[in-house]
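This report describes two parts of one structure in turn. The surroundings of the ligand come before a small sheet.

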Amino acid sequence: MRSITKSSKLANVCYDIRGPVLERARRMEEDGHHIIKLNIGNPATFGFEVPEEILQDVIHNLSAASGYCDSKGLFAARKAIMHYSQEKKIPNVQMDDIFIGNGVSELVVLAMQALLNNGDEVLIPMPDYPLWTAAVVLSGGVARHYVCDEEAGWLPDLDDIRSKINDRTRALVIINPNNPTGALYPKALLLELIEIARQHQLIIYSDEIYDKILYDDATHTSIASLADDILFITFNGLSKNYRAAGFRSGWAIVSGEKNHAEDYIAGLNMLASMRLCANVPSQFGIQTALGGYQSIYDLTLPTGRLKRQRDVAWELLTDIPGVSCYKPQAAMYLFPKLDPKIYPVMDDQQLILDLLLEEKVLVVQGSGFNWMNPDHFRVVFLPNIDDLKEAISRIAHFLHRYRKR
Ligand code: PLP
């Protein structure tokens, strides 16, 4: 019989956060092993539950949510997103500029499918959240990775960006706040990125899904608030800030210079229509999430538990000989570096598989975020302090043995 093969379009698409090592961890769990998971940024599973008011609004509206809605989303939810974009000082956003999707994930793929012809290039940070690279490749495009500089607090290297622009370059992606590094971009840098986009007529896609998870009094600036003469698409959603990843609710806001982008926007509209609409029940949570200053605001701040966990995890990891790490200003991840002189790792997927097998701790290898060298891994600091301490002491034991090999 002829074997059934996957599409060649998937040949270079990868998403290692849920890759083969996770599969192995699953099998180990089935065999009765307990694994400490520091691999997926899924707040609700670590006791960061969705705020009750959001949940109640979704439940209350369930009976009204059984039909399709407008392809772009419910009116009230989009209105709330429009107000949110005003709060973020993003100019020139109308109701029609807002697309609600089944998470940011769906909208990223949709935005790339609508844009790219085969061989078109998109500038993507390295390390990245790998969905971006996968979406570009799946859409026939070429992901051109620009370096984010660890020595400079993981900020994008502007010269590297400039050196990678050519006449096939269509867009620049930024992830701010960043997954996996926890970097938060200052306004001066955002202005320089805008200048590059302006000179080369690039669209700026800005993934801001962690814009409320900030530490040490940091503030977040939406890049789209800083100019109106280029096209921006800003992504956000309920998954992280509102701890409702399972609701699968995200949005994209089109802003800036839309007049020259009518054809592209028509493409976005068509793809949004083809999938009819996003999950309707969870859209009833959006207005409450974005508008509920009194009830929701405190819950979105990572004061207390999440900040303490960041501090403890960062201190314990950087206490391990040969491990250094930028202290994140935002989000829920640490991206530690293993000194290659002490840990001459050749294959970082094998390294984290060995860690899993030997210590029953699951993290994600740096190459899963398209990082160029096998010398980083990502740790999610959502588990409680006791679990983090236990997991990091196991990582320390593992690395101690690794040094002696
Ligand atoms: N963007 C970034 C930077 C993420 O880290 C994630 C999830 O981890 C997503 C997008 C996906 O978001 P959603 O749950 O809205 O699909």
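## Polar contacts of the ligand

A polar contact is a pair of N or O atoms within 3.5 Å. In this predicted model, Lys240 places a polar side-chain atom 2.8 Å from an oxygen atom of the ligand. Asn179 likewise contributes from its side chain, with a polar atom 2.7 Å from a ligand oxygen. For Val104, by contrast, a polar backbone atom is involved, and its distance to an oxygen atom of the ligand is 2.7 Å.

How much of the area that the ligand exposes when taken alone does the protein bury? Taken alone, the ligand exposes 400 Å², and 94% of that area is buried by the protein.

## The shell around the ligand

The shell is made up of Gly103, Val104, Ser105, Tyr129, Ile175, Asn179, Asp207, Ile209, Tyr210, Ser239, Lys240 and Arg248. Sorted by class, five of these residues are nonpolar, four are polar and three are charged.

Which helix gives the most to this shell? The answer is helix α4, which spans residues 103–115 and supplies three residues. Val104, whose backbone takes part in a 2.7 Å contact with a ligand oxygen, lies within the residue range of α4.

## A three-stranded sheet

An open sheet of three strands has the order β11-β15-β14, and its pairing is antiparallel. Strands β11 and β14 occupy the edges, each with a single partner strand, so one side of each has no neighbour in the sheet.

The pairing can be followed strand by strand. Strand β11, residues 333–334, runs antiparallel to β15 and is joined to it by two bridges; here Leu334 has Val379 of β15 as its bridge partner. Strand β14, residues 364–365, also pairs with β15 in the antiparallel sense over two bridges, and Val364 has Arg378 as its bridge partner in β15.

## Burial of strand β15

Are the residues on the two faces of β15 buried or exposed? Along this strand, residues 377–380, Phe377 and Val379 lie on one side, while Arg378 and Val380 lie on the other, and all four are buried. Both faces of β15 are therefore covered, given that buried means under 20% relative accessible area. Two of these buried residues, Val379 and Arg378, are the bridge partners named above.

Methods
Residues are numbered from 1 along each chain as its sequence is written. This is a predicted model: local features need pLDDT of at least 70, side-chain atom pairs count only at pLDDT 80 or more; totals for chains, interfaces and linings use all residues. Side-chain values use heavy atoms; hydrogens and water are left out. Buried means under 20% relative accessible area, exposed over 50%, partly exposed in between (1.4 Å probe, protein chains only). Two strands pair if DSSP finds at least two bridges between them. A residue is near a molecule or strand if one of its heavy atoms lies within 4 Å of it. A polar contact is a pair of N or O atoms within 3.5 Å; within protein, one must be able to donate a hydrogen and the other to accept it, and residues adjacent in sequence count only if both atoms are side-chain atoms. Accessible areas come from the Shrake-Rupley method with a 1.4 Å probe; for residues, only the protein chains shown count as cover. Ala, Val, Leu, Ile, Met, Phe, Trp, Tyr, Cys and Pro count as nonpolar, Asp, Glu, Lys and Arg as charged, and the others, Gly among them, as polar.
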